[in-house]
Amino acid sequence: MDLGAGTGHTAALLAQEGWQVTMADVHPHAGALGQRLVAHPIAARLSREFGLPRVLYDGLTVPFADGSFDVVLLAFVLHHCPDPLAVLREARRVSRGRVLVLEDGDEAHPPRRLERVTDALINLEIGHPHSERSRFDWLVLFDAGGLGVTHERGFTSCFGGLPGRHRLYVLDVL
């Protein structure tokens with residue numbers, strides 16, 4: 001499952017590699033212009049083109065039974081959530097034990113102000129939460145969600161000439 005699927009491009013790429021992927025995302029809030037005008041229409045199109053199941057949910061309870069998915073992917077999602085711990089617990093609940101999280105930040109620091117502004121501009125978001133964390137703070141959140149890190153890796157990207165710092169966390173149920 002790609003939870004917080006956004007445009008659905010990641011799900012479509014995984015499907016092209018033979019994965020069975022379900023896209024899930026929340027209904028857009030009032031300030032989510034990018035989600036409403038860009039991400040959701042693209043995700044709907046990719047869902048049709050690739051035959052990928054797609055659901056919109058309330059942001060509280062993922063509409064699937066416990067253990068429905070081998071793996072749940074949260075790619076740059078949690079820092080946008082009003083209650084990231086609740087979303088993480090739902091990801092754990094519907095997975096069969098593994099959750100993959102990609103988030104912004106490096107080992108010691110959460111994203112800087114410029115990175116947060118860039119994120120808001122890229123997503124065309126007004127008034128959405130930014131719960132960025134340092135690596136340590138993510139680890140505390142994962143532990144509170146009943147998940148332990150089995151592997152992690154930092155990497156950088158560049159968007160519009162601005163470098164971004166990110167981390168991949170491979171999590172398993174404790």
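User: What volume does the second largest pocket have, and what makes this space a pocket rather than a cavity?

Analyst: In this predicted model, where local features need pLDDT of at least 70, side-chain atom pairs count only at pLDDT 80 or more, and totals for chains, interfaces and linings use all residues, the second largest pocket has a volume of about 430 Å³ (the space filled by probe spheres set on grid points joined across faces, edges and corners). A pocket is an open set of points on a 1 Å grid over the protein atoms alone, with protein on both sides within 12 Å along at least five of seven lines, whereas in a cavity a 1.4 Å probe fits but cannot get out. Residues are numbered from 1 along each chain as its sequence is written, and side-chain values use heavy atoms, without hydrogens and water.

User: Which residues and elements line the second largest pocket?

Analyst: The lining (residues with an atom within 4 Å of a point) has 16 residues, and Met-1, Leu-14, Trp-19, Gln-20 and Val-71 lie nearest the centre of the pocket. Helix 1 (9–16), strand 4 (69–75) and strand 5 (95–104) each give two or more residues, and strand 4 gives the most, with 4. These elements are DSSP runs numbered from the N terminus, helices being H or I of at least four residues and strands E of at least two.

User: Which residues line the largest cavity, and why do 2 of them count as polar?

Analyst: The structure holds 1 cavity of 30 Å³ or more, and about 30 Å³ of space lies in this largest cavity. Its lining consists of Ala-5, Gly-6, Met-23, Asp-25, His-40, Ala-43, Arg-54 and Leu-56. Ala, Val, Leu, Ile, Met, Phe, Trp, Tyr, Cys and Pro count as nonpolar, Asp, Glu, Lys and Arg as charged, and the others, Gly among them, as polar, and the lining therefore divides into 4 nonpolar, 2 polar and 2 charged residues. Strand 2 (23–26), helix 2 (33–50) and strand 3 (54–57) each supply at least two of the lining residues.

User: Which residues does Ala-15 touch?

Analyst: Ala-15 lies in helix 1 and, not counting residues up to four places away in sequence, touches Val-21 and Leu-52 (contact means heavy atoms within 4.5 Å). Ala-15 and Leu-52 are 37 residues apart in sequence and 8.0 Å apart in space, C-alpha to C-alpha.

User: Which residues of helix 3 and helix 5 meet?

Analyst: Pro-84, Leu-85, Leu-88 and Arg-89 in helix 3 meet Leu-141, Phe-142 and Ala-144 in helix 5. The residues of this contact divide into 6 nonpolar, no polar and 1 charged.
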